[in-house]
Every structure is written in structure tokens, then in C-alpha cells.
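Reader: I'm new to protein structures and would like to learn how to read one. Can we go through it feature by feature?

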Amino acid sequence: MDRKIRVAVIGASGRMGREVVKTVLTEPDMELATGVDRSSGPIDLGRMVGLDECGVKMQNDLELALVESRADVLVDFTGPQTAASHTNLAIRLGIRPVMGTTGFTPQDIIDLDKLCHEKSIGGLIAPNFSIGAILMMKFAAQASKYFPHLEIIEYHGDQKLDAPSGTSVKTAELISEVREELRQGNPKEEETIEGSRGGYYNGFRIHSVRLPGIFAQQEVVMAQHGQSLKIRHDSYDRAAYMPGVAIAVRKVMTYTGMIYGFEHFID
């Protein structure tokens, strides 16, 4: 398109929101339309992220901000409690949602896809925007054809609310697309402490570690007689997600319907 893509950011004063604001302000083909955060005053968003004043002030009324800003795309990393309502509102207003939050059910995604088609716009729901994490998922799915015995271990800080993470669930879904259900371990095994074997998914286990000082890591551990294989990805900073966010903002302008998973944008 000839003009810049106008981007609205929800939760703009949060840790992920600030990174998104900075990314939008520094991408040559994007323009910051508005930033919304109910807990923040009308500060200039450029100054907020350590850049020059941009003339866009924080707002606290989401619907009013979206209507007045004439945004093309909405980027939202706020949380699962508000994800569905924010997405529905954006689509109703003809704004393309790029959602980095969890909390959507399979039926939610079907319903949102229908709404996107009715409005002739695209949308994206992605548990993870890190290109390295997406490659980790793809590699794990490919390897599971040959190493069907596996477990997923994901590590996050102790303030993360959901367990397992959206990334580990998406990894499990991709693996299950190519790996038939296989119940692992001794059929007579017994947990003497409930939950010690982790969450059960299609025959394998997902373990969630929550500790202070950890950002985001995940490994898929695979084994067979005489050998093991570990596929691991580590994120150390929120900036790791921003190249993927920029790709998503551009891509969502080019198709119709709701896509689940950033892996669809990676060859």
C-alpha cells in the first residue's frame, strides 16, 4: 500500500506495549495511530519509550480511541481476560487484530474467522511472535516423526498467570498433527504426588516451571533407545518478539480471515 499502516496499541504503557510502540515508531512503513491504557494518563507515547515526541497521547477509552484514530491494525498483548472482547471490538470496527494473548478456544477462533470474512479483513492470533521460537516448534514437529517419545518443558517467570504457556500448547498441537497419539511411560506408573508427571496432552507430558528471574524458555526433550534429542529456544528480552510483530502487521493487511499461529508466516 502507498500510505503508512496505522497501528493502534492496547496496553501501550505495559512492558510489551512499550516495545510495540517503539517498533511502530521506528518502522518506516508504519504510523502510530493511538495507544490505549486505562491505567495511564495522557502522556506522549514517543517520550514514554525514550524517543522524540510523536504527538500521539495515551488514551483510556478503547472504543473511542479506535474510532477516532482510524487505525488499520490493532496490536494487543494485554492478557487472556480481555482478548476475546478486544478482538471482537476491533473486527466490528473494521480494524485488523494482531493478538499476542492466549485465552481463545477453538470455537472462538472459528467465530472470529467468520467475523473477519464478513468484514473482509485479516486477523492473527499468535501465542509467540519470536521467529526462533517458531522455528523451534517446527523443528520439534518434524523430529517427532522419528522421536515420538517426548516431553515439553517450558520456563517462565513466577508472575505468568497461565499454565501451560500458549507456546507450549501450540508446540503440542503442531506435534500432534504429525504424531499419532502414543501413551508414554510404564502403563502401571503412579503419581505419588499429584501433578508430578505434568499435564497430559495426546500421550505426552507438558511441564510448566514458574520461577523469579526467568523470562521465557522452552525445550522439547525426545528420546529413544541409545539416544536423546533436545530442541530448545531461549528468549532473554521482549525485543526478540518485535521483528515478528512487524511482519504480522504487514501480513495482516494482505489477506481475509483469522489465522491462528505465526508459523503460517514462516516458510
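Reader: Let's start with side chains. Which side chain does His-156 join in a polar contact?

Author: Keep in mind that this is a predicted model. For a polar contact, you look for a pair of N or O atoms within 3.5 Å. Here the side chains of His-156 and Glu-154 are joined by one of 2.8 Å.

Reader: Where does His-156 sit, and is His-156 buried or exposed?

Author: His-156 is part of strand β7. For burial, the cut-off is under 20% relative accessible area. His-156 has 13%, so His-156 is buried.

Reader: What does His-156 touch further along the chain?

Author: Skip residues up to four places away in sequence, and you find Ser-165, Val-209, Arg-210, Leu-211, Ile-214, Phe-215 and Ala-216.

Reader: Which residues does the UniProt annotation "active site" cover?

Author: That label comes from an unreviewed UniProt entry, and it covers His-156 and Lys-160. His-156 and Lys-160 are also included in the lining of the largest pocket.

Reader: So what about Lys-160: where is it, and what does Lys-160 touch?

Author: Look in the loop between β7 and α7 for Lys-160. With neighbours up to four places away left out, Lys-160 touches Ser-165 and Arg-210. Both of these also turn up in the list for His-156. As for accessibility, Lys-160 has 29%, so Lys-160 counts as partly exposed.

Reader: How do I read a peptide bond, and which one is cis?

Author: Start with the general idea: most peptide bonds are trans. The bond from Ala-163 to Pro-164 is cis, with omega near 0°. Pro-164 belongs to the loop between β7 (150-156) and α7 (166-178).

Reader: And inside helix α7, what is Thr-171 doing there?

Author: Thr-171 has its place in that helix. Thr-171 has 0% relative accessibility, so Thr-171 counts as buried. The side chain of Thr-171 makes a polar contact of 2.9 Å with the side chain of Gln-218. Beyond its neighbours within four places in sequence, Thr-171 is in contact with Met-136, Met-137, Ala-140, Ile-152, Gln-218 and Val-220.

Reader: Next, backbone angles. Which residue has a phi near 55°?

Author: The general idea is that most residues other than glycine have a negative phi. Arg-70 has a positive phi near 55°, and Arg-70 is not a glycine. Arg-70 is in the loop between α3 (62-69) and β4 (73-76). Its relative accessible area is 58%, so Arg-70 is exposed.

Reader: What is the phi of Ser-120, and where does Ser-120 lie?

Author: Ser-120 is not a glycine either, and its phi is positive at about 60°. You'll find Ser-120 in the loop between α5 (106-119) and β6 (122-125). There is a glycine to look at as well: Gly-94, just after α4, takes a positive phi of about 80°.

Reader: How do I read a sheet? What is the order of the strands?

Author: List the strands from one edge across to the other, then check their pairing. This open sheet of seven strands reads β3-β2-β1-β4-β5-β6-β12, with parallel pairing. At its edges stand β3 (58-59) and β12 (257-260); each has a single partner strand, so one side of each has no neighbour in the sheet.

Reader: How many bridges pair β4 with β5?

Author: Four bridges pair β4 with β5 (residues 96-99) in the parallel sense. Within that region, Val-73 stands opposite Arg-96 in β5.

Reader: Which strands does α4 lie across?

Author: Helix α4 (residues 83-92) lies across β1, β4, β5 and β12, at about 155° to β5. Its buried residues are Ala-83, His-86, Thr-87, Leu-89, Ala-90 and Ile-91. What covers them includes β1, α3, β4, β5, α5 and β12.

Reader: And which strands does α3 lie across?

Author: Helix α3 lies across β1 (5-10), β2 (30-36), β3 and β4, and runs at about 155° to β2.

Reader: One last residue: where is Cys-54, and what is Cys-54 in contact with?

Author: Cys-54 lies in the loop between α2 (45-48) and β3. Cys-54 has 28% relative accessibility, so Cys-54 counts as partly exposed. Leaving out neighbours within four places in sequence, its contacts are Leu-25, Leu-32, Asp-44, Leu-45 and Gly-46.

Conventions. Residues numbered from 1 in each chain as written. Predicted model: local features only at pLDDT ≥ 70, side-chain atom pairs only at ≥ 80, totals over all residues. Heavy atoms only, no water. Helix = DSSP H or I, 4+ residues; strand = E, 2+ residues; numbered from the N terminus. Buried < 20%, exposed > 50% of the residue type's maximum accessible area, 1.4 Å probe, protein only. Polar contact = N/O pair within 3.5 Å; in protein donor to acceptor, adjacent residues only side chain to side chain. Contact = heavy atoms within 4.5 Å. UniProt positions renumbered as here; feature names shortened; annotations may be inferred. 1 Å grid on protein atoms, 1.4 Å probe; cavity = no way out; pocket = protein on both sides within 12 Å on 5 of 7 lines; lining within 4 Å. Pairing = 2+ DSSP bridges. Axes fitted to C-alpha atoms, helices over the stretch in contact; angles between N-to-C directions.
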